[in-house]
Structure formats: structure tokens, C-alpha cells
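Here's a walk through one model, taking in its biggest opening, its ring contacts and a few odd spots in the loops. Have the structure open as you read.

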Amino acid sequence: MTSYKENEAWKEASAVEDRNFRPTKANGGRRKAPFYKVLQGMPIAVDAFRYGTIPNVTAYFLTHAHSDHYTNLSANWKSGPIYCSEGTANLIKHMLGVDSKWVHPLPMDTPITIPNTGGVQVTLIEANHCPGSCLFLFEGKQTVNAGDSAYKSPYVGSAKVFRYLHCGDFRASPQHVLHPAIKGKRIDHVYLDTTYLDPKYCFPPQPQVISACAELAKRLAQGRPPDDTQGGKPRTMAGWFTRVDKSDKGKEKAKESDAPGKTLFVVGTYSIGKERIVKAIAKALDTKVYCDSRKAAILRCENDPELDAMLTTDPLAGGVHLVPLGVIASDRLKQYVDRWKGRYSKVIGFRPTGWTYTQPSGSDNLPSIPTVISRSQSRSFNYANLQPMRNSTSTLQVYGVPYSEHSSFFELTCFALSLDWGRMIATVNVGSETSRGKMGKWVERWEAERKKRGGAKIVEHRAEDYW
Ligand SMILES: [Zn+2]
């Protein structure tokens with residue numbers, strides 16, 4: 001697609017996202033699907049349920065069971081077969097009541113030919129997002145111009161095999177580019193989760209944050225001071241965390257809380273996701289996990305035997321409780337722990353949320369790509385970087401956790417440099433031309449940097465599971 005055509009296609013996509021849309025006879029009773037929801041030249045739509053029956057689409061794919069990806073999917077679905085991972089299949093049947101006859105769970109890491117798609121093969125790859133989430137690698141010829149876009153592909157009917165990688169929502173890791181289905185292959189289109197495609201979003205690697213939470217929980221349960229430090233110097237890093245209580249009052253509070261006693265740990269989540277933090281904390285404390293029966297039923301859909309083995313229906317047997325994120329605020333957390341009056345001398349809340357870091361003024365808004373990489377890799381995160389939030393007391397402490405299940409800007413950069421791709425198509429924050437323009441500039445910079453490095457070569461990584 002030329003850049004003119006691409007721009008026109010985006011304009012068309014914005015027009016169909018009209019907030020005031022009402023189904024009428026004239027518009028066929030449905031929204032039109034924007035071009036990036038239907039694969040070029042293939043009768044396949046991804047995360048496109050809000051558009052109903054899309055012209056010529058014969059296979060509907062779902063990357064994961066988060067509501068913004070399955071909008072409009074319900075028990076009334078009858079537009080065609082839905083392909084997804086086993087975990088996602090369980091979740092949409094359980095939560096949305098989608099009829100099993102439409103739902104086709106696929107195995108991970110195995111190329112499967114999808115019926116009625118002109119021979120397109122798909123491979124599911126773990127996305128490193130929420131349970132059940134996956135990337136789809138599609139390989140096949142272009143056989144049809146499906147969808148609503150006026151822009152038609154010139155390759156339909158040609159012999160060329162196209163390869164598209166749809167990332168859904170993902171947290172990019174070296175394991176993605178080293179996956180046997182991807183490694184060394186040219187990817188024609190990458191549909192990228194651009195949630196954090198902006199250099200201000202450079203948060204710590206997920207495995208470090210998970211270990212930090214587990215270590216902190218262990219220390220607090222043992223009554224060891226959470227901020228005893230290596231070499232006498234607190235390892236809090238400027239720039240990593242914004243809600244540090246540096247006042248003397250805060251230090252006093254920390255001291256008072258050192259006394260050992262029965263401590264309840266409470267982790268907040270919304271919908272599915274963040275289970276890894278919960279498991280790591282429960283494992284570190286060697287305890288069970290309690291949540292209400294509605295949440296437990298959802299967790300049991302996720303096909304995670306390790307988590308299933310940790311769940312208990314007895315709140316007093318679980319040293320870790322899983323609650324809605326909104327409960328992790330000091331007043332509501334107090335109400336929550338009061339239910340078990342006298343049982344606990346202390347409650348610790350973990351509030352894993354996306355990134356709340358705001359760029360200090362005067363900092364580098366347009367760093368070079370080598371700077372982005374070296375700066376991110378010189379930082380690390382541990383339990384001492386987790387600090388109680390301002391209104392914490394000796395018996396009730398809330399920790400904000402910079403935990404994201406989306407790629408940081410740094411990770412997107414490493415992913416883009418490590419992979420051989422032809423075109424990157426943003427799938428998030430695409431509503432405004434300004435935002436698309438900014439993201440497009442970074443895609444150009446990645447392309448230029450990759451060329452400078454002599455083509456797609458994996459960026460040196462610090463661990464198997466993070467750059
Ligand atoms: Zn998601």
C-alpha cells in the first residue's frame with residue numbers, strides 16, 4: 001500500500017468508528033469493519049465481533065478474552081466459526097454464553113489449516129498477556145478481497161505466500177522472535193499492540209516486578225523491614241516510581257509495621273490477567289488463594305493447573321485474597337479486612353496497574369534508539385523499589401505495582417529491531433491522525449535503525465523472557 005492509500009484507508013477506518021452510529025436499513029444494520037480488522041486478501045477477521053457478519057469473511061479469530069477485543073460477542077452470535085486458544089474458548093462460553101457450535105479451540109504452537117479460507121494456515125503463539133491470550137501467525141495466499149474497505153489488494157490470485165503476525169495484546173519478549181514458527185522468517189504485515197508506543201512508557205520488565213512483589217510479601221510476612229537495603233543505600237530509583245513517601249512520618253510508619261503478626265495479602269485485578277503476580281506471592285508465602293465463587297469459576301476456565309491447585313473456598317485458609325481492583329484503596333480495604341475481625345493484625349494491598357509514571361519535564365522526549373535500549377537495560381527493579389502509598393498506616397499498607405501485560409516502548413523497539421517485517425500496522429490509539437502520525441514516525445525510526453544494524457538481528461537480551 002502506498003502511503004497515500006494507507007492514509008486514505010485510515011481515514012475510512014476513522015469514519016466507520018463513528019460514536020453516534022445507529023443501525024438502520026440504509027447502513028445494513030451494522031458498522032463497517034475498518035481495513036485493519038480483516039487480513040489483506042484473506043477471508044479472515046481478527047477481534048472484529050462488533051461488526052457482525054463481515055462480507056466474505058469465513059473465519060473469525062479472537063486473540064484473548066478481554067472485553068475490548070470481543071465487543072458485541074454474545075449468545076446471539078451466528079456470523080461464523082470463531083477460532084481461539086483453548087483458554088479463551090472456555091472463557092467466552094462461560095462468560096458470554098457463546099454457543100459451543102461456533103467455538104473452535106486450537107492448539108498452541110501447531111500450524112493448522114483453517115477450513116474455507118483458501119488454505120490459510122495459522123499458528124498460535126503465547127502472547128505473554130492474560131491467560132489464554134495468543135498471537136496468530138497466518139500463512140497463505142491472497143484469495144479474496146473480504147471486508148468493507150474500498151481498498152482492494154492487487155495480490156489476490158497471485159502465487160505469493162503472505163505471512164501476517166497478529167499480536168492482539170501482547171508483552172513482547174525474546175521468546176516471540178525466537179519462536180520456531182517466526183525465527184528467520186519474513187513477516188509481511190505485523191498487527192502491533194501499540195498501547196505504549198511512546199518513549200515515556202518505559203516501565204520495568206514483568207519478571208522483575210513479579211519477583212519484587214513475591215520478595216516484598218515474604219519480607220512483610222516475616223516482619224522484616226521492607227526497605228532494609230544492600231550496602232546501606234536504598235535501591236529506589238529515580239524515575240521508576242512516583243509515589244514514594246519520603247517523609248519522616250512514612251519512615252515511622254514503616255518501623256511500626258515491622259512487628260510480626262498475622263498478615264493478610266490482598267491483590268486487586270479487573271477481569272482476567274495479573275494471575276502471575278497472585279501466584280508468585282502465594283508461592284512465596286506458601287499459602288492458598290481465596291476469591292469469591294464467581295471469580296473462581298472464571299479462573300478455572302483458564303486451564304492453569306498450578307493456579308487451580310492454589311485456590312481455596314475458605315477465606316481463612318487463603319493468605320492471599322483476590323479482589324476487584326477498586327477494593328485496593330485504604331478505606332475499602334479496611335472494610336474488607338474488617339469482615340474477618342481480629343483475624344489479621346495487618347493487611348497489605350497490592351495494586352497492579354499499568355504505568356502511572358509521568359515524564360519529568362525537560363527529559364528526553366525523542367531519545368535515539370540505542371539510547372532507549374541502553375537506558376532501559378541499565379535499570380533493574382526489585383522489592384525495594386516498591387513503596388507503600390501515601391495514606392498507608394502501620395496496619396494497612398497499599399503498594400502500587402507498575403505491572404503491565406502490554407509491551408513497554410523499549411520492548412516494542414526490541415521486538416521491531418529483532419524481526420524481519422514489511423509493514424507494521426498499529427491496532428491501538430489509532431483514532432486520531434496526530435497519534436497515528438507519531439507512531440508512524442517511530443516505525444520509520446525502527447526501520448532505519450534495523451537497516452543500520454544490518455537487518456533483523458535479535459537485540460541482546462538480559463534473560464530468556466525479557467530484553
Ligand atoms: Zn487485553
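## The largest pocket

Which helix gives the most to the lining of the largest pocket? Helix 2 does, with four residues. Keep in mind that this is a predicted model.

The pocket itself holds about 1,000 Å³ of space. Its lining runs to 50 residues, and the ones closest to the centre are H66, S67, D68, H69 and D169. Besides helix 2 (67-70), the elements that put two or more residues into that lining are helix 1 (3-16), helix 8 (293-301) and strand 13 (318-324).

## Who lines it

Sorted by class, the lining of the largest pocket comes out as 20 nonpolar, 18 polar and twelve charged residues. Two domains chip in: domain 1 (3-200 + 409-452) and domain 2 (206-402) each supply at least three residues to the lining.

## Aromatic pairs

How many aromatic pairs does a search of the whole structure find? It turns up 20. Take F136 and F138: their rings make a tilted pair, with 5.8 Å from centre to centre and 45 degrees between the planes. F136 is buried, because its relative accessible area is 0%, under the 20% cut-off. F138 also has a relative accessible area of 0%, so it counts as buried.

Then there's Y155 with F162, another tilted pair, at 5.2 Å centre to centre and 55 degrees between the planes. Are these two partners buried or exposed? Y155 is partly exposed, because its relative accessibility is 39%, in between the 20% and 50% limits. F162 sits at a relative accessible area of 4%, so it is buried.

## A cluster, and two charges over rings

F136 and F138 turn up again in a wider group: together with F61 and Y83 they form one aromatic cluster.

Tryptophan rings get some attention from arginines, too. R445 has its charged end over the ring of W442, 4.3 Å from the ring centre. R450 does likewise with W421, its charged end sitting over that ring at 4.4 Å from the centre.

## Loops with a positive phi

Which way does phi go at D47, positive or negative? It's positive, about 50 degrees, although D47 is not a glycine. You'll find D47 in the loop between strand 1 (44-46) and strand 2 (59-61). Its relative accessible area is 5%, so D47 counts as buried.

S271 is another non-glycine residue with a positive phi, this one about 40 degrees. The loop that holds S271 runs between strand 10 (263-269) and helix 7 (275-285). Here the relative accessible area is 46%, so S271 is partly exposed.

## T393 and a partner along the chain

One last stop is T393, which lies in the loop between helix 11 (369-377) and strand 15 (396-402). With a relative accessibility of 34%, T393 falls between the 20% and 50% limits and is therefore partly exposed.

How far apart are the C-alpha atoms of T393 and K346? They are separated by 9.5 Å, while the two residues are 47 residues apart along the chain.

Methods
Residues are numbered from 1 along each chain as its sequence is written. This is a predicted model: local features need pLDDT of at least 70, side-chain atom pairs count only at pLDDT 80 or more; totals for chains, interfaces and linings use all residues. Side-chain values use heavy atoms; hydrogens and water are left out. On a 1 Å grid over the protein atoms alone, a cavity is a set of points where a 1.4 Å probe fits but cannot get out, and a pocket is an open set with protein on both sides within 12 Å along at least five of seven lines; lining residues have an atom within 4 Å of a point. Grid points are joined across faces, edges and corners, and a volume is the space filled by probe spheres set on the points. Ala, Val, Leu, Ile, Met, Phe, Trp, Tyr, Cys and Pro count as nonpolar, Asp, Glu, Lys and Arg as charged, and the others, Gly among them, as polar. Domain bounds come from an automatic or database domain assignment. Rings of Phe, Tyr and Trp (its six-membered ring) pair if their centres lie within 6.5 Å; planes under 30 degrees apart count as stacked, over 60 as edge-to-face and the rest as tilted. Buried means under 20% relative accessible area, exposed over 50%, partly exposed in between (1.4 Å probe, protein chains only). A charge sits over a ring if NZ of Lys or CZ of Arg is within 6 Å of the ring centre and within 35 degrees of the ring normal.
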